[in-house]
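Me: I'm new to this one and would like a close look at a single part of it, the sheet. Could you walk me through it slowly?

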Amino acid sequence: FFFQAEDGIRDAQESRGLGDVYKRQVSTQSTWGAYFHFMTDPRKNLLLFIHGFRSSGQSSRAKQLTERFDNVYTPSLSLVPDLAIHLLENTLQFLKPHYNITLIGSSLGGYYSIYLANKHNLKAILINPAIRPYDTLKLSLIHI
């Protein structure tokens, strides 16, 4: 079980240099179990996976999480940032009273996770988060 750097590669393959180091980092279920052991809220724990730009809630990364854990929700988000945040805000409003939510954000989803974690006082796990998405999004959205 691993997550790789956001360099357009979606499958495991030989390393192409130092940027591929992250692809070989392994996360074991016992590590995740230890993390959730410290979450003492009596509500059920829920992982909310927030995918990256031009990805979906059915991506290989989302499927890896849902195969590994039974408490994962992976919505598919709009390419339009305002709509994506609106959907995530509504999702959190609905789920937060019933679940102890931890966000998992990948790439642009990592950027969204930082925002949502701060706004809603949630824990977040970031996988290669976008740092300046406003620069890359303005180029990408022109072609949509």
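In what order do the strands of the open sheet come, and is the pairing parallel or antiparallel?

Reply: Happy to. One thing up front: this is a predicted model. The order across the open sheet is E2-E1-E3-E4, with 4 strands taking part, and the pairing is parallel. At the edges sit E2 (72–73) and E4 (123–127), each of which pairs on one side only.

Let's start with E1, which covers residues 44–50. On one side, E1 pairs with E2 in the parallel sense over 2 bridges. On the other side comes E3, and here E1 pairs, again in the parallel sense, over 7 bridges. A handy residue to click on is leucine 47. Its bridge partner in E2 is valine 72, while threonine 102 of E3 stands opposite leucine 47 too. So much for the neighbours; what about cover? E1 is mostly covered, with 6 of its 7 residues buried.

Now step over to E3, residues 99–106. Besides pairing with E1, E3 runs parallel to E4 and is joined to E4 by 5 bridges. If you want a spot to look at there, try leucine 103, whose bridge partner in E4 is alanine 124.

Next, the helices that lie across these strands. Helix H2, residues 60–68, lies across E1, E2, E3 and E4, and runs at about 165° to E1. Helix H4 takes up residues 108–120 and lies across E1, E3 and E4; the angle to E3 is about 145°.

It helps to put the sheet back into the whole chain. There are 5 helices and 4 strands, and read from the N terminus they go α-β-α-β-α-β-α-β-α. Of the 144 residues in the chain, 40% are buried. Among contacts with a separation of 6 or more, 58% are between residues 24 or more positions apart.

One last thing to look for is empty space inside. The count comes to 1 cavity of 30 Å³ or more, and the volume of the largest cavity is about 60 Å³. Its lining includes His51, Gly52, Phe53 and Arg54, along with Leu77, Ser78 and Leu79. Leu108 and Tyr112 line the largest cavity as well, and both numbers fall in the stretch of helix H4, residues 108–120. By class, that lining has 5 nonpolar, 3 polar and 1 charged residues.

Terms used. Residues numbered from 1 in each chain as written. Predicted model: local features only at pLDDT ≥ 70, side-chain atom pairs only at ≥ 80, totals over all residues. Heavy atoms only, no water. Pairing = 2+ DSSP bridges. Contact = heavy atoms within 4.5 Å. Axes fitted to C-alpha atoms, helices over the stretch in contact; angles between N-to-C directions. 1 Å grid on protein atoms, 1.4 Å probe; cavity = no way out; pocket = protein on both sides within 12 Å on 5 of 7 lines; lining within 4 Å. Points joined across faces, edges and corners; volume = space filled by probe spheres on them. Nonpolar A, V, L, I, M, F, W, Y, C, P; charged D, E, K, R; others polar. Buried < 20%, exposed > 50% of the residue type's maximum accessible area, 1.4 Å probe, protein only.
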